[in-house]
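Open the model in your viewer and keep the selection tool at hand. We will go stop by stop.

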Amino acid sequence: MEHMHEHVHEHTHGGEGHTHSHDHGEHGHSHVPAGTPEGEKTLAVLGYMLEHNVHHCAELKELAQSLQGEAQHLLLHAVDAFDAANDYLARAVAELKK
């Protein structure tokens, strides 16, 4: 099954709101059954990556609080990107567990 993804992300940094739209283009879907060795390995890797990314995201968010100006602004955008990626990873894990 092929489909397009377009997302609009809204967030606030230092009291200023920003909106970004992203078009993720077309891509196909395939599922690795969770009950197979390949599926279990995939779930383990994705679970590890998700946990690892969440930890890094928290570290970046904390670091951003010590910065000012454009550097802080850009780092907070990176945190938003990590959050979005982590959401996709979590949704992928949930799909594989179905």
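Is valine 45 buried, exposed or partly exposed? Valine 45 has a relative accessibility of 41%, so it counts as partly exposed. That value falls between the 20% limit for buried and the 50% limit for exposed.

**The whole chain**

Zoom out before going on. This is a predicted model. Show the chain as a cartoon. Two helices and two strands are there. From the N terminus on, their order is β-β-α-α. Of the 98 residues, 20% count as buried. Add a surface: the accessible area is about 7,000 Å², and 57% of that belongs to carbon and sulfur atoms. Contacts also link distant parts of the sequence. Among contacts with a separation of 6 or more, 49% join residues 24 or more positions apart.

**Colour by confidence**

Now colour by pLDDT. The chain has a mean of 78, and 65% of its residues reach 70 or more. Select residues 3-13, which form strand E1. Among the elements, E1 has the lowest mean pLDDT, 50. Helix H2, residues 69-97, has the highest, 94. Next, select residues 1-7. The pLDDT is below 50 over this stretch. In the model it still has 25 contacts beyond near neighbours in sequence. Where pLDDT is low, the predicted coordinates should not be read in detail.

**Helix H1**

Select residues 37-64, which make up helix H1. H1 has 28 residues. Its first and last C-alpha atoms are 40 Å apart, close to the 40 Å expected at 1.5 Å a residue. Valine 45, the starting point, is in this helix. Show Val45, Tyr48 and Met49 together. These three make a nonpolar surface patch of about 300 Å².

Which residues of H1 are buried? They are Gly39, Leu43, Leu46, Leu50, Asn53, Cys57 and Ala64. Show their side chains and look for the partner. The buried residues of H1 pack against H2.

**Two stops across the chain**

Pick glycine 39, in helix H1. Its relative accessibility is 2%, so glycine 39 counts as buried. Now add lysine 97. The two residues are 58 apart along the chain, yet their C-alpha atoms are separated by 9.0 Å.

Move on to lysine 61, also found in H1. Lysine 61 counts as partly exposed because its relative accessibility is 40%. What does lysine 61 contact, leaving aside its neighbours within four places in sequence? The contacts are Val79 and Asp83. Add histidine 77 for another distance. Lysine 61 and histidine 77 lie 16 residues apart in sequence, with 9.9 Å between their C-alpha atoms.

**Helix H2**

Select residues 69-97, helix H2. Why does its length agree with what is expected of a helix? At 1.5 Å a residue, its 29 residues should span 42 Å, and its end C-alpha atoms are 42 Å apart, so the two agree.

Show the buried residues of H2: Leu75, Leu76, Val79, Asn86, Leu89, Val93 and Leu96. Val79 is a name you have met, as one of the contacts of lysine 61.

**The salt bridges**

How many salt bridges does the structure hold? There are two. Side chains of opposite charge can pair when their charged atoms come close.

Select arginine 91 and aspartate 87. Their side chains meet in a salt bridge, 3.4 Å from N to O. Both residues lie in H2, four residues apart, about one turn of the helix. An α-helix has 3.6 residues a turn, so residues three or four places apart point the same way. Arginine 91 counts as partly exposed because its relative accessibility is 44%. Aspartate 87, at 39%, is partly exposed too.

Finish with lysine 98 and glutamate 95. Their side chains form a salt bridge at 2.8 Å, N to O. Is lysine 98 buried or exposed? Its relative accessibility is 75%, so lysine 98 counts as exposed. Glutamate 95 is partly exposed, with a relative accessible area of 38%.

How values were computed:
Residues numbered from 1 in each chain as written. Predicted model: local features only at pLDDT ≥ 70, side-chain atom pairs only at ≥ 80, totals over all residues. Heavy atoms only, no water. pLDDT = per-residue confidence, 0-100. Contact = heavy atoms within 4.5 Å. Expected span 1.5 Å × (residues − 1). Buried < 20%, exposed > 50% of the residue type's maximum accessible area, 1.4 Å probe, protein only. Patch = residues over 30% accessible without salt bridge, like charges linked within 9 Å, V, L, I, M, F, W, Y side chains within 5 Å. Areas by Shrake-Rupley, 256 points an atom, 1.4 Å probe, with all protein chains shown as cover. Salt bridge = Lys/Arg side-chain N within 4 Å of Asp/Glu carboxyl O.
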